[in-house]
Structures are given as structure tokens and as C-alpha cells.
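Welcome! Here is a short tour for anyone meeting this structure for the first time. Take a look at the sequence and the model before reading on.

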Amino acid sequence: MQNNQATYSADLDAQGDIAPPWEKFPHYDRYTIGWRMGAGETWLGKWRDFIQEMPADFAARLAYLRRHPPAPYNWADFVKETLHPELEERLEEDDVDKTYLKELQNLGLIASDIAYPTWLAQQDGVAWPWEFDETPEEVARNWTRYLWFWSRQVAELRLCPDWQLPVVPPVWAACTSALQEAQPGTPDFKQGLLTLTRMLSANKLTPPWQLGLSLNDFADSYEDDMGYVDAFRLWGMSAFDDVEHLQKFLNDTDAPQAWQTWACEHFIMDL
């Protein structure tokens with residue numbers, strides 16, 4: 001077997017590990033193009049080299065996985081192959097049956113809605129979204145998952161007595177009240193991306209079925225001028241890594257069955 005350590009030696013952590021991809025980039029959802037280009041693709045390659053050269057015995061691989069945060073459910077296939085390399089040739093890539101899924105759950109190696117706490121533990125203060133893209137619409141479009149995590153982080157910080165909002169750039173003025181007072185204002189269903197950002201700034205995201213919208217308002221658009229239902233779809237594709245988390249959201253918001261079916265069709269997840 002070829003020794004590939006030179007490709008990743010500079011990136012080993014204090015424990016001599018290459019962090020698994022779900023820990024290194026928790027703000028990347030499982031199916032983002034970020035794993036096929038740029039830093040995500042590079043890290044995934046280094047991680048695969050590291051895992052390939054790890055001892056094949058169960059105990060060593062379990063110890064490695066337990067040194068790192070649990071994976072989201074939709075990374076279960078990667079966790080299974082890491083733990084059981086002997087199964088890689090016998091099972092399809094996305095075949096994680098109930099037996100293996102239960103094993104990974106019992107071992108504490110996968111968890112529901114785990115990406116957010118993994119991301120939060122890595123934060124040193126708040127990185128404001130206008131540092132990533134100029135307008136609220138651009139951030140909602142290009143940094144949807146990050147915006148969702150940031151929304152949850154700021155909601156917690158807003159409860160602190162010494163909470164202070166920094167100066168908001170003029171182009172983000174439409175979100176100032178949402179940030180200061182946790183009130184998103186009246187939604188504009190035609191300006192879907194801006195409405196989504198205002199709701200997330202307030203950490204009060206309202207699903208379309210609670211706003212009187214119907215499935216007829218869904219245009220299946222990814223354009224910059226998408227309406228709110230399409231922007232909500234964009235958020236859902238980034239927000240949920242497992243069916244358990246999604247189903248809790250749908251139950252908590254009293255989603256009608258037609259909307260539940262729609263969500264399960266459009267929000268990508270395996271488990």
C-alpha cells in the first residue's frame with residue numbers, strides 16, 4: 001500500500017489525527033458542491049488517505065471516531081466504512097441498514113442535529129454574515145447553512161445582559177430591527193431571500209404553511225428573485241441532516257400532510 005502521509009502530515013491535530021470532514025466543515029451540508037471543489041475536496045482527500053492507512057482493527061477505529069464529535073446521520077455511510085473497512089467492498093456506498101445504523105447510534109458515533117453544536121464549539125465570537133457577502137440576499141443564497149447556524153448562535157447571545165449589536169452596514173438595514181429586537185417584520189413573499197434573512201436574523205423562521213401560502217406558491221426556482229416558498233426550500237435543504245430532526249420541525253409547526261410530503265421530497269437526506 002502506498003504511503004500517503006506526506007499529503008496530510010501538516011494537517012494532523014494534537015492527537016495525531018486528521019479530523020473527519022463533518023468536524024472540519026460542519027457548516028458544509030452533506031451534499032454541497034463544496035466537497036467536490038476547493039477546501040472541502042482537498043480535506044476529504046486527505047481524510048481518505050489518513051483512514052486508508054489507519055490500522056484496520058475495530059478498537060483503533062472506534063477510538064479514532066470517539067476522539068471526534070459524532071457525525072450527522074447522513075454521514076452514516078462514511079462512519080460505517082471507517083469503523084468496518086472490511087465491509088466496503090460488500091455493501092453499496094449508501095447502504096446503511098438498520099443493524100449498522102443502530103450500532104452507530106449505540107456507540108454514540110452519529111446523532112441528530114449534531115452539526116450545529118459541532119460548529120458552535122469552534123466559534124471564537126461571532127462572524128457576522130455581511131463579512132461573507134455584501135447583501136442579505138447573497139448571504140441567504142450562498143451561505144444558507146452558515147446563516148442558519150449563525151441565527152441560532154445569535155439567538156443565544158441575545159439573551160445575555162451585555163449583548164450588543166455591532167454597526168450594521170447600510171445595505172443590511174432591512175435586517176437591523178430583526179437583529180436588535182428579534183422581530184422579523186412583515187414578510188414580503190416576493191422577496192424570498194431577503195425575507196428568509198430577516199427571519200433568520202430574528203431567529204424566528206415561519207414556514208410557508210403558517211403564512212397562508214400554498215404549494216401553488218412554489219415555483220421550483222433557484223433564481224435571485226425567488227419567492228419565499230423557494231427560499232424556504234433552500235433553507236430546508238441546508239438545515240436538516242436527518243429525518244428525525246425534520247420530522248420534529250414539521251410536528252412542532254403543525255405542517256399539513258401535503259407540506260410534509262413536499263418537504264420530504266425536496267430536503268435531501270438519507271436517513
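The points below cover the pocket, the nonpolar cores, one covered helix and three single residues.

This is a predicted model. Its largest pocket has a volume of about 510 Å³, and its largest nonpolar core has 44 residues. Helices H7, H8 and H11 are good names to keep in mind, since each of them gives two or more residues to the lining of that pocket and two or more to that core.

**The largest pocket**

- The lining of the largest pocket is made up of 21 residues.
- Asp29, Thr32, Ile33, Asn142 and Ser238 are the lining residues that lie nearest the centre of the pocket.
- Two or more lining residues come from each of helix H7 (136-142), helix H8 (144-157) and helix H11 (228-239).
- Sorted by class, the lining holds nine nonpolar, seven polar and five charged residues.

**The nonpolar cores**

- In soluble globular proteins, nonpolar side chains tend to be buried together.
- Within the largest nonpolar core, the residues with the most contacts are Leu205, Phe232, Trp235, Phe249 and Trp262.
- Helices giving two or more residues to this core include helix H6 (115-121), helix H10 (192-202), helix H12 (243-252) and helix H13 (257-266).
- H11 supplies the largest share of the core, with seven residues.
- Separate from this core is another one of 26 residues, and Trp22, Tyr64, Val79 and Ile110 are among them.
- Trp262 is a handy residue to look at in the largest core: with neighbours within four places in sequence left aside, Trp262 touches Leu215, Phe218, Val229, Phe232, Arg233 and Phe267.

**A covered helix: H10**

- Eleven of the eleven residues of H10 are buried.
- The buried residues include Leu193, Leu194, Leu196 and Leu200, and also Thr195, Thr197, Arg198 and Ser201.
- H7, H8, helix H9 (176-181) and H11 are among the elements that cover these residues.
- Just after H10 comes Asn203, which takes a positive phi of about 55°.

**Asp77, a buried charged residue**

- Asp77 sits in helix H4, which spans residues 76-83.
- Asp77 has a relative accessible area of 6%, so this residue counts as buried.
- The side chains of Asp77 and Arg30 make a polar contact at 3.2 Å.

**Tyr146, a buried residue of H8**

- Tyr146 belongs to helix H8.
- Tyr146 counts as buried because its relative accessibility is 5%, under the 20% cut-off.
- Leaving out neighbours within four places in sequence, the contacts of Tyr146 are Trp119, Ala127, Trp128, Pro129 and Phe132.
- From Tyr146 to Glu41 there are 105 residues in sequence and 18 Å in space, C-alpha to C-alpha.

**Asp11, a partly exposed residue**

- Asp11 is in the segment before helix H1 (21-24).
- Asp11 counts as partly exposed because its relative accessibility is 27%, which falls between the 20% and 50% cut-offs.
- The side chains of Asp11 and Lys46 are joined by a polar contact of 2.5 Å.
- Setting aside neighbours within four places in sequence, Asp11 is in contact with Asp17, Ile18, Trp43 and Lys46.
- Asp11 and Val171 lie 160 residues apart in sequence and 38 Å apart in space, C-alpha to C-alpha.

Definitions and conventions
Residues are numbered from 1 along each chain as its sequence is written. This is a predicted model: local features need pLDDT of at least 70, side-chain atom pairs count only at pLDDT 80 or more; totals for chains, interfaces and linings use all residues. Side-chain values use heavy atoms; hydrogens and water are left out. On a 1 Å grid over the protein atoms alone, a cavity is a set of points where a 1.4 Å probe fits but cannot get out, and a pocket is an open set with protein on both sides within 12 Å along at least five of seven lines; lining residues have an atom within 4 Å of a point. Grid points are joined across faces, edges and corners, and a volume is the space filled by probe spheres set on the points. Helices (H or I, at least four residues) and strands (E, at least two) are DSSP runs, numbered from the N terminus. Ala, Val, Leu, Ile, Met, Phe, Trp, Tyr, Cys and Pro count as nonpolar, Asp, Glu, Lys and Arg as charged, and the others, Gly among them, as polar. A nonpolar core is a set of buried Ala, Val, Leu, Ile, Met, Phe, Trp, Tyr and Cys residues joined through side-chain atoms within 4.5 Å. Buried means under 20% relative accessible area, exposed over 50%, partly exposed in between (1.4 Å probe, protein chains only). Contact means heavy atoms within 4.5 Å. A polar contact is a pair of N or O atoms within 3.5 Å; within protein, one must be able to donate a hydrogen and the other to accept it, and residues adjacent in sequence count only if both atoms are side-chain atoms.
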